[in-house]
Amino acid sequence: MAKPAKRAIAKKLPAKKIVAKKVVKAVVKKPAIKGPSAAQNDRFTLYGFASSGPTYTAALMLSLCKHPFSYIHVNLREGAHKQPDYLVKNRYGQVPALRDGQMVTVQSAAILLYLADTLDKFTTKVPVEKQRVREWLFWQWDKLSVPVFRLRARNKGLRQFGDEVRIMYDTEAKAALAVLEQELTKSEWVVGKKPTVADVGIYGVLRYAGEASIELGHYPHVVAWKKKFEELPGFATPEQLLPMESRLT
Ligand SMILES: N[C@@H](CCC(=O)N[C@@H](CS)C(=O)NCC(=O)O)C(=O)O
């Protein structure tokens, strides 16, 4: 009686071994599927300049989306942004520009909207919210970016204008901050309950408020929002994201 039972067990063993091998193979393959593939690594190339706020905005979005990107340093000081090989990428002769495969897209707010759509991150499916996000990005460039970046450029010695103009930009920046402060008393993020590219775009400007001699302490909701934004996974500073030379993935 004992012998046939032993034979039956012996016969089943090889079959069990094959199953076990297959399981091991599947486990080994999993991380390769989840991690960034070579194609993902190669996908985006950002052209920019280390101290450029709009370049930081685009790099920050890629970082928040945890998407690797190559970085090409465009030497603004040597006029590289006005050379034919760069003007083919950005007809406006400015940084940043973002290459996604064969396509190059420019204007940082448009880059944010493009990345939000293509990566399906920092966006919303609610049509009215989607429209609000666009409104805030247009507002940001119209009312916030211009005074903040002009004041910063003056402090850095990159632009010269007198006190009258400085006061005008300062007043404009304060008026814009009052609008944002008011909005953030009603809503946790700029649009709705989750961060969107509206937050990314506005943060990309207010990061430089100090360098523009703009005191954010007068706007407590803006300060709280800024702190919360800096705690988002993938957040990184301009210094962490933008080197002074090109960097390939
Ligand atoms: N609206 C543009 C502004 C870009 C911009 O002002 N870039 C600056 C560097 S921060 C630049 O390239 N300046 C050189 C120039 O305008 O000739 C954007 O958002 O991309």
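A polar contact, as the term is used in these legends, is a pair of N or O atoms within 3.5 Å. The views below are taken from a predicted model.

**View 1. Polar contacts of the ligand with Ser108, Gln107 and Val95**. In the side chain of Ser108, an N or O atom lies 2.6 Å from an oxygen atom of the ligand, a distance that falls within the 3.5 Å allowed for a polar contact. The protein covers 73% of the 500 Å² of accessible area that the ligand has on its own. Gln107 also takes part, with a polar side-chain atom placed 2.7 Å from a nitrogen atom of the ligand. For Val95 the partner belongs to the backbone, where a polar atom is 2.9 Å from a nitrogen atom of the ligand.

**View 2. The shell of residues around the ligand**. The residues that surround the ligand include Ser52, Pro54, Leu76, His81 and Lys82, together with Gly93, Gln94, Val95 and Pro96, and the shell also takes in Gln107, Ser108 and Trp141. Sorted by class, this shell contains 5 nonpolar, 6 polar and 1 charged residues.

**View 3. The largest pocket, in which the ligand sits**. The space in the largest pocket amounts to about 850 Å³. Its lining is made up of 28 residues, of which Ser52, Pro54, Leu76, Gln94 and Phe149 are the closest to the centre of the pocket. In terms of class, the lining of the largest pocket has 12 nonpolar, 10 polar and 6 charged residues.

**View 4. Helices H3 and H6 in the lining of the largest pocket**. Helix H3, which spans residues 53-64, and helix H6, which spans residues 127-155, each supply at least two residues of this lining. The greatest contribution is that of H6, which gives 7 residues to the lining of the largest pocket.

**View 5. The cis peptide bond between Val95 and Pro96**. Most peptide bonds are trans, but the bond that leads from Val95 to Pro96 is cis, with omega near 10°. Pro96 is found in the loop between helix H4 (84-87) and strand E3 (97-100), and both Val95 and Pro96 are among the residues that surround the ligand.

**View 6. The backbone at Lys66**. Most residues other than glycine have a negative phi, whereas Lys66, which is not a glycine, has a positive phi of about 55°. Lys66 is placed in the loop that runs between H3 and strand E2 (70-73).

Notes: Residues numbered from 1 in each chain as written. Predicted model: local features only at pLDDT ≥ 70, side-chain atom pairs only at ≥ 80, totals over all residues. Heavy atoms only, no water. Near = heavy atom within 4 Å. Polar contact = N/O pair within 3.5 Å; in protein donor to acceptor, adjacent residues only side chain to side chain. Areas by Shrake-Rupley, 256 points an atom, 1.4 Å probe, with all protein chains shown as cover. 1 Å grid on protein atoms, 1.4 Å probe; cavity = no way out; pocket = protein on both sides within 12 Å on 5 of 7 lines; lining within 4 Å. Sits in = over half its atoms within 2 Å of the grid points. Nonpolar A, V, L, I, M, F, W, Y, C, P; charged D, E, K, R; others polar. Points joined across faces, edges and corners; volume = space filled by probe spheres on them. Helix = DSSP H or I, 4+ residues; strand = E, 2+ residues; numbered from the N terminus.
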